[in-house]
Protein chains: 2
Amino acid sequence: MSDLFVFVNDLFVPSPDASLLVSDLAIQRGYGVFDFLKTIDHTPVFPEEHLARFLHSARQLRLEVGRSKEELLALIHLLMEKNDIPDSGIKLILTGGYAEDGYTLSKPNLVITQNHLQLPAPGTFEKGVRLVSYPHQRQMPDAKTIDYLMAIWLQPYIREKGADDVLYHKEGAISECPRSNFFIVTADDTLVTPSENILKGVIRGKVLQLARQQFKVEERPVLLDEVWAAREAFITSTTKHVLPVVAVDGRQIGEGALGKISKWLSEALSHQITSSPFPEDHRST
Amino acid sequence: MSDLFVFVNDLFVPSPDASLLVSDLAIQRGYGVFDFLKTIDHTPVFPEEHLARFLHSARQLRLEVGRSKEELLALIHLLMEKNDIPDSGIKLILTGGYAEDGYTLSKPNLVITQNHLQLPAPGTFEKGVRLVSYPHQRQMPDAKTIDYLMAIWLQPYIREKGADDVLYHKEGAISECPRSNFFIVTADDTLVTPSENILKGVIRGKVLQLARQQFKVEERPVLLDEVWAAREAFITSTTKHVLPVVAVDGRQIGEGALGKISKWLSEALSHQITSSPFPEDHRST
């Protein structure tokens, strides 16, 4: 397999040459933002939404992108032509730049990578995922920063608890998973998801739009107690779409299987995304 | 001026070539630790303490250094020989490594840089510094991680408030500044500093040792109210030593000048560090 190309500032370079100097503020001070979108059959999915959020995150961190949404999309298309991967994950990273004093923001460095799409393992949608809760609030939650210190540090804890991922909460009020948003369906068939202290995912927005056509929807604080009492629960993300959550902290949620509202939303979302990224055996559920 | 050398994994390279691939987990996920020590007249200051803390931070983040303290010190000496800067700042950085999936810890990357020592501007010790408080708690405070998202983001706020740096607190209990520890002297001449939710600075430890010979010392939670009522306040760090704090949130601390206990500690510390890094006009105060 030949090396993939990576865009770094002004150049497309083969991945073994795609690097940043160690004076970059991502390496020195963990300062940067990113966004992640996927392509299906050579077509970016929701590029407008992802690029708008990338620009929003950059503004929040006071980083000048120096390029318009249209220019970024053109770069993405150039990268796609060079790499020729039909189904892929595309990541844009913007860092604090090369800081002479290791502390002061400088001209940001822009990196765009494209990789083969990493999807949940086959059967994940049918089995659902298990979460473990953990007290943590992301800094600047409204921006998609590169701060995943806690998420990566918690990996052994998650495995030890027999879980697939972590659900953050603050004094019992849940927020999100490190890379996905969290929803419950209550006993009276209301779809509920936190509205604050979270990153507003693109798929979260699409699911809310779809749900409002059919169900009662509430965006409000959600307590762990409500999660355990929920009839259904699921997480959403660019790669996970609508993925059932069957247990939190070892306690079964609802029937411990895909619920009817989750199923409806999953199908409606797949329909909206021209061709689903899930293999055939997933799509049929 | 010729390029300085940087140590990256196994090689000494000129700084324009000192880089990490963009797949590194510092760039992808802000995951890494570091330490910073200085050299005076070609001699590292408190290398034992800094290297012990570097290894501690790495352990906390589950990063394998793969080298002993002695091996790291040998690398530092080799770098010092190559760069030949008598008074310098040396930084060791250890990242989460090159992650194929952009998420899973891999073999850590080790970077060691040496730069000319950046000291506080002349007159800073005499004038003292002004702090502004801000509600924030560093993640994993006991490890020197590269997470300075809030510290860098707050730079415009600090300037706007007419301050020199920020003092973090959580519900009124103070912790630390982003790059220094904080002390007060109470009305009854007790030296008090927080003991929890902080990074334990090397100079903090030295100051506590020296203070215990002469004064009553307490390591305990410290409220902002106590700070404003304090007779003296100062911050400590590798480059700042003992630096008087003359105001917090615009409220003058004590006489708004170098206090007698701060002065004693500053002199005792300078005496302990073979030759002071402060220029002659600073040392005399």
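**Exercise 1. The sheet of chain A**

In what order do the 6 strands of the open sheet in chain A lie, and is the pairing parallel or antiparallel? Determine also which helices pack on this sheet.

*Solution.* The model under study is a predicted one.

Step 1. Reading across the open sheet of chain A gives the order S2-S1-S7-S6-S4-S5, and the pairing is antiparallel.

Step 2. The edges are strand S2 (11–14) and strand S5 (43–44) of chain A, each of which pairs on one side only.

Step 3. Inside the sheet, strand S1 (residues 5–8) and strand S7 (residues 110–116) of chain A are joined in the antiparallel sense by 3 bridges. Within this pair, A:Val8 is placed opposite A:Val111 of S7(A).

Step 4. Helix H2(A) lies across S4, S5 and strand S6 (88–95) of chain A, and runs at about 175 degrees to S4(A). Helix H3 (residues 69–83) of chain A also packs on the sheet, where it touches S1, S2, S4, S5, S6 and S7 of chain A. The direction of H3(A) makes about 40 degrees with that of S7(A).

**Exercise 2. The domains of chain A**

State the domain bounds of chain A, and describe the side of domain 1 that touches domain 2.

*Solution.*

Step 1. The domain assignment divides chain A into domain 1 (5–116) and domain 2 (124–283).

Step 2. The centres of domain 1 and domain 2 of chain A, taken over C-alpha atoms, are separated by 26 Å. To the contact, domain 1 of chain A brings 21 residues and domain 2 of chain A brings 14 residues.

Step 3. On the domain 1 side, the elements that give two or more residues are strand S4 (32–40) and helix H2 (47–60) of chain A. The most is given by S4(A), with 8 residues.

Step 4. By class, this side of domain 1 of chain A consists of 9 nonpolar, 6 polar and 6 charged residues.

**Exercise 3. The sheet of chain B**

Give the strand order of the open sheet in chain B, and locate the helices that pack on it.

*Solution.*

Step 1. The 6 strands of the sheet in chain B follow the order S2-S1-S7-S6-S4-S5, with antiparallel pairing. Strand S2 (11–14) and strand S5 (43–44) of chain B are the edge strands.

Step 2. At one edge, S1(B) and S2(B) pair in the antiparallel sense over 4 bridges. Here B:Phe5 stands opposite B:Pro14 in S2(B).

Step 3. Helix H2 (residues 47–60) of chain B packs on the sheet through contacts with strand S4 (32–40), S5 and S6 of chain B, and its direction makes about 175 degrees with that of S4(B). Helix H3 (residues 69–83) of chain B touches S1, S2, S4, S5, S6 and S7 of chain B, and its direction makes about 40 degrees with that of S7(B).

**Exercise 4. Two helix pairs in chain B**

Classify the packing of H2(B) with H3(B) and of H7(B) with H9(B).

*Solution.*

Step 1. The axes of H2(B) and H3(B) come within 10 Å and cross at roughly 120 degrees. Because this angle lies outside the range of 65 to 115 degrees for roughly perpendicular pairs and is not over 145, H2(B) is oblique to H3(B).

Step 2. The crossing of H2(B) past H3(B) is right-handed. The contact is made by B:Pro47, B:Leu51, B:Ala52 and B:Leu55 of H2(B) with B:Lys69, B:Leu72 and B:Leu73 of H3(B). In terms of class, these are 6 nonpolar, no polar and 1 charged residues.

Step 3. Helix H7 (residues 202–212) and helix H9 (residues 260–272) of chain B pack at an angle of about 115 degrees, with axes 10 Å apart. H7(B) is therefore roughly perpendicular to H9(B).

Step 4. H7(B) also passes H9(B) in a right-handed crossing. B:Lys206, B:Val207, B:Leu210 and B:Ala211 in H7(B) meet B:Leu265, B:Ala268, B:Leu269 and B:Gln272 in H9(B). This contact has 6 nonpolar, 1 polar and 1 charged residues.

**Exercise 5. The contact of the chains**

Find how many residues each chain gives to the contact of chain B with chain A, and identify the strands that are bridged between the chains.

*Solution.*

Step 1. Chain B gives 33 residues and chain A gives 33 residues.

Step 2. Among the elements that give two or more residues to the chain B side are strand S1 (5–8), strand S3 (19–21) and helix H1 (25–29) of chain B. The chain B side divides into 21 nonpolar, 9 polar and 3 charged residues.

Step 3. Strand S3 (residues 19–21) of chain A is joined to S3(B) by 3 bridges, and the two strands run antiparallel. One of the residues involved is A:Ser19, whose bridge partner in S3(B) is B:Leu21.

Terms used: Residues are numbered from 1 along each chain as its sequence is written. Chains are lettered from A and ligands numbered from 1 in the order in which they are written. This is a predicted model: local features need pLDDT of at least 70, side-chain atom pairs count only at pLDDT 80 or more; totals for chains, interfaces and linings use all residues. Domain bounds come from an automatic or database domain assignment. Two residues are in contact if their C-beta atoms, placed from the backbone, lie within 7 Å. Ala, Val, Leu, Ile, Met, Phe, Trp, Tyr, Cys and Pro count as nonpolar, Asp, Glu, Lys and Arg as charged, and the others, Gly among them, as polar. Axes are lines fitted to C-alpha atoms, for helices over the stretch in contact, and angles run from 0 to 180 degrees between N-to-C directions. Angles under 35 degrees count as roughly parallel, over 145 as roughly antiparallel, 65 to 115 as roughly perpendicular and the rest as oblique. A crossing is left-handed if the near helix is turned anticlockwise from the far one by less than a right angle, and right-handed if clockwise. Two strands pair if DSSP finds at least two bridges between them.
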